[in-house]
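Dear colleague,

I am passing on the model we spoke about, so that you can look through it alongside my notes. Please have it open as you read.

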Amino acid sequence: MAPIILILNGPNLNMLGTREPATYGHETLADISKLCADTAAELGLSTEFRQTNHEAELIDWIHKARGRCAGIVINPAAWTHTSVAIRDALVACELPVIEVHLSNVHKRETFRHHSFVSPVALGVICGLGSGGYRAALQHFSHLVKE
């Protein structure tokens, strides 16, 4: 069975494609989900792709990944800058984590420059649009082969 990479998306990402296209592009979350599934298949991985606007639900998904998944790709969206609870859940699950952001958060408002997730992540990818998800999956492909 192919190793499972859990791909989690936070609040408002369900609005991709119509929400602030100058910042986030025209791709929808369904487009990104397909890109991830196709990339994973090419790399011999399996994915579970999820999005929620409810922080507790995201935390529950992280907890359930422990011992079941090979890693987590997470775009915490606005929770990046606010959620110690998500940070703590990621530590508790004891899995490698890659943080992904569609936009370059460092070129945006100052409050977006701080991340509670980055210090506990294996790596951070921002500003590459949906290509950031692809890059994260490529890295996990190398990790699971080691």
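Is Ser130 buried or exposed in this predicted model? Ser130 counts as buried, because its relative accessibility is 11%, which falls under the 20% cut-off for that class. This serine is found in the loop that runs between strand S5 (123–126) and helix H5 (131–145), and its side chain is joined to that of Glu27 by a polar contact of 2.7 Å. Leaving aside residues up to four places away in sequence, Ser130 touches Glu27, Ile32, Leu35 and Leu102.

Two backbone angles also deserve a careful look. Most residues other than glycine have a negative phi. Ala77, however, has a positive phi near 55 degrees, and Glu94, also not a glycine, has a positive phi of about 55 degrees. Ala77 is found in the loop between strand S3 (71–75) and helix H4 (84–93), while Glu94 has its place in the loop between H4 and strand S4 (97–101). As for their surroundings, Ala77 counts as buried, with a relative accessibility of 14%, whereas Glu94 is exposed, with a relative accessible area of 60%.

Ala77 appears again at the largest pocket, where it is listed with Tyr24, Ala78, Arg108 and Arg112 as the closest to the centre among the 15 lining residues. About 160 Å³ of space lies in this pocket, and the residues of its lining divide into 7 nonpolar, 5 polar and 3 charged.

With best regards

Definitions and conventions:
Residues are numbered from 1 along each chain as its sequence is written. This is a predicted model: local features need pLDDT of at least 70, side-chain atom pairs count only at pLDDT 80 or more; totals for chains, interfaces and linings use all residues. Side-chain values use heavy atoms; hydrogens and water are left out. On a 1 Å grid over the protein atoms alone, a cavity is a set of points where a 1.4 Å probe fits but cannot get out, and a pocket is an open set with protein on both sides within 12 Å along at least five of seven lines; lining residues have an atom within 4 Å of a point. Grid points are joined across faces, edges and corners, and a volume is the space filled by probe spheres set on the points. Ala, Val, Leu, Ile, Met, Phe, Trp, Tyr, Cys and Pro count as nonpolar, Asp, Glu, Lys and Arg as charged, and the others, Gly among them, as polar. Helices (H or I, at least four residues) and strands (E, at least two) are DSSP runs, numbered from the N terminus. Buried means under 20% relative accessible area, exposed over 50%, partly exposed in between (1.4 Å probe, protein chains only). A polar contact is a pair of N or O atoms within 3.5 Å; within protein, one must be able to donate a hydrogen and the other to accept it, and residues adjacent in sequence count only if both atoms are side-chain atoms. Contact means heavy atoms within 4.5 Å.
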